[in-house]
Amino acid sequence: MIVADLFRLAGQALVQNRRRSLLSLVGVVIGVVAVTCLTAIGEGALRYVTDQFASLGSSIVIIAPGRNETTGGVPLGVGGIPNDLTLADARFLGRRIPAVRTVVPIAASTGKIRHGGRNRQVPIVGTISAFERIQKLELASGTFLPEIDMERGAAIVVLGHTVARELFGAEAPLGQTVRISGSRMRVVGVLAERGTQLGLQIDETVFAPVASVMRLANKTSLTRLMLDLQPRAEQKRVIAQVRELLTARHDEEDFTCISQDAVMSSLSSILRILTLSVAGIAAISLAVAGIGIMNVMLVSVSERTEEVGLLKAIGANRRQILAIFLIESALLSVAGGIAGLVLGSALVAVGQSLYPAVPIATPAWAIGAVLALSLITGVGFGVWPAWRAAGLDPVAALQGH
Amino acid sequence: MIRVEDLWRTYSMGDHELHALRAVNEEIADGEHVAIMGPSGSGKSTLLNLIGCLDSPSRGRYLLDGEDVAGLSDEALAEIRLRRIGFIFQSFHLIPRLTARENVALPLLFAGIAPGERRDRASHALEAVGLADRAGHRPSELSGGQKQRVAIARATIMGPKLLLADEPTGNLDSRSGAQVLDVLAALHREGKTLLVVTHDPAVARRADRVLVLRDGEIAKRVAGDEVTDLNRLFDFGRAPS
């Protein structure tokens, strides 16, 4: 028997029962649309996060004060109060680890910034000029912080886009003086609009030399040290070196050292698991659709009992009858799968145009999986009805029993 | 050649057994035209189904061209039905969504014959039963007599030696019935063995021999031209001839 003939026979049978075939398709379509859209959203989130990290450049190792075990908190009484992470530590690590190109200290604080009659509570980030490079900042006007020794303060600030607009309006901020927590500082630069980036509202932040911010906020410890590595430097080795050197210097491991790669990969794997589990839940609806197909095929077999009897009488064997009905249910489910993919892709396209910021897209693996799954559903749930048809007694079947 | 020896077909009906056929012995030579008659429930169709390899005997032997069919697998029986036997039914059993030509070509499809050849052979077979102009019509667009001739074309498409017809004119008016019988007679003249189950004396009269069944046994064997009316034929008061 020729395979193309089987498909034609099956197709003709499905077309004859158009309405019933279409109704059983709907179940598969809904399942496939659900899988397509949900994986698209998951993939979108994953790409969004990956893009954000990529924009930072990934060869960065971050050191934070405090031993941050997997539990997340600093257990009181166990690690004790951590030593400060100081500018001296920054100098020390920069000197001792050759793979580090620049150590960028960060002291984060908040404060009130004032100009004329307006004032605003803002995040203040103390850092050095290299921060501009590693964060790929762009300036709307002026310059970023100048290259001065990190221990030296200077009464200068760089304003985020929103801060500048709100304080100065149409005025040009460059060269003007603002007051931050009472200290007068001169504006040397304004950043271009950037948007939120991994939780840091750069547009609403004010940047100043790290020593000045520590003095203003009366801080002894830095918030972070960012180690900008040489190209091709091995992050794992650098982390090991930091651990060894800094533990010896502090007499205990009272800091946390992670690479940006590690953060990204754990974030990605969380998102991936989330996507998979949501897709799995959606796939359950495909199983329900499979039962619908089975029901339709059982009705079809009992309606066509006489036909099966005839096919047997004119010489069709069990395998051929089995194949006819299996192909029928497989065609149903694959047609549903394709229709679902088309509809799902259309919905994803609508979503893309509504929320262009999140790059939602159905991943290729999901398309393959959903088609394979609908085929398996059709064949799997078609086996029993087809088996019943193939096992009919020809004499009884011809009489319609 | 068909030979059945001590053929039984028994159905178990709960606590008792129903013998649809009991101890039937018969031999039908190649090229014979035999009619099977008998009252309802006498076992006519059961015998035809057994000979057609649609059913298996409970006991006894069935030799088709010298080969014992009783022990064959499902698959082998399907192969025999495909290549060596053609069935014609009272209710035609055409598939409604297929055209006349596609219905006729169905057995070729199960035999794995390529579409081009199928089309040619099916067209040919339809021509032979006088329906060349109906090839593209669906069964619902055909008259009863035309449907039965399509079914005959389907039964003969694989070139079987043996044709089995179960009440082939039962659903037809006398004119189209006669047409169908003419087609069957022509096939018989070509050398096919023809076995016809019928209630109709006019159909039986065309046969060489008539087997009359009663309660699952062959009660009488008469020549076709001896059949006059059913009352006399089914009068079993006398001893079977």
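Two residues are in contact here if their C-beta atoms, placed from the backbone, lie within 7 Å. With that in mind, this tour goes through a predicted model, beginning with a helix and the strands it covers.

**Start in chain B, at helix α5.** Select residues 144–156 of chain B, which form helix α5, and you will see that this helix lies across strands β6 and β7 (162–166) of chain B, running at about 165° to β6(B). Then add helix α6, residues 174–189 of chain B, which lies across β3, β7 and β8 (193–197) of chain B and runs at about 150° to β8(B).

**Show the sheet under these helices.** The strands belong to an open sheet of six, in the order β6-β7-β8-β3-β9-β10 of chain B, and their pairing is mixed. At its edges, pairing on one side only, are β6 (85–88) and β10 (217–223) of chain B. If you look from strand to strand, neighbours in this sheet are turned against each other by 20° on average, direction ignored.

**Zoom in on one pair of strands.** Select β3 (residues 33–37) and β9 (residues 209–214) of chain B, which pair in the parallel sense over four bridges. Which residue of β9(B) is the bridge partner of Ala35(B)? It is Val210(B).

**Colour the nonpolar core.** Ala35(B) appears again in the largest nonpolar core, which has 124 residues, and it is among the members that touch the most others, together with Val35(A), Ile36(B), Val104(B), Leu164(B) and Leu195(B). Although several of these names lie in chain B, the largest share of this core, twelve residues, comes from helix α10 (residues 318–354) of chain A. A second, separate core holds 53 residues, including Leu93(A), Phe144(A), Val157(A) and Val158(A). In soluble globular proteins, nonpolar side chains tend to be buried together.

**Centre on Val104(B).** Leaving aside its neighbours within four places in sequence, Val104(B) is in contact with seven residues that you can select one after another: Ala122(B), Ala125(B), Leu126(B), Val150(B), Ala153(B), Arg154(B) and Ile157(B).

**Step back to the whole of chain B.** Its secondary structure comes to eight helices and ten strands, and the C-alpha trace spans about 55 × 40 × 35 Å along the principal axes. Chain B has a radius of gyration of 18 Å, which agrees with the value near 18 Å that a compact globule of 241 residues would have. Of these 241 residues, 47% count as buried.

**Now show chain A.** Here the count is twelve helices and twelve strands. Chain A has a radius of gyration of 33 Å, well over the 21 Å that the globule rule gives for 401 residues, so this chain is more spread out than a compact globule. Its C-alpha atoms fill a box of roughly 100 × 55 × 40 Å, taken along the principal axes, and buried residues make up 40% of the chain. Among contacts in chain A between residues at least 6 apart in sequence, 83% join residues at least 24 apart.

**Finish where the chains meet.** Display both chains and look for the 19 residues of chain A that are in contact with 19 residues of chain B. On the chain A side, α1 (3–16), α9 (305–313), α10 and α12 (394–398) each supply at least two residues, and the largest share, five residues, comes from α9(A). Coloured by class, this side of chain A shows nine nonpolar, five polar and five charged residues.

Key:
Residues numbered from 1 in each chain as written. Chains lettered and ligands numbered in written order. Predicted model: local features only at pLDDT ≥ 70, side-chain atom pairs only at ≥ 80, totals over all residues. Core = buried A, V, L, I, M, F, W, Y, C linked by C-beta atoms within 7 Å. Buried ≥ 20, exposed ≤ 12 C-beta atoms within 10 Å, placed from the backbone. Rg over C-alpha atoms; globule rule 2.2 N^0.38 Å. Pairing = 2+ DSSP bridges. Axes fitted to C-alpha atoms, helices over the stretch in contact; angles between N-to-C directions. Nonpolar A, V, L, I, M, F, W, Y, C, P; charged D, E, K, R; others polar.
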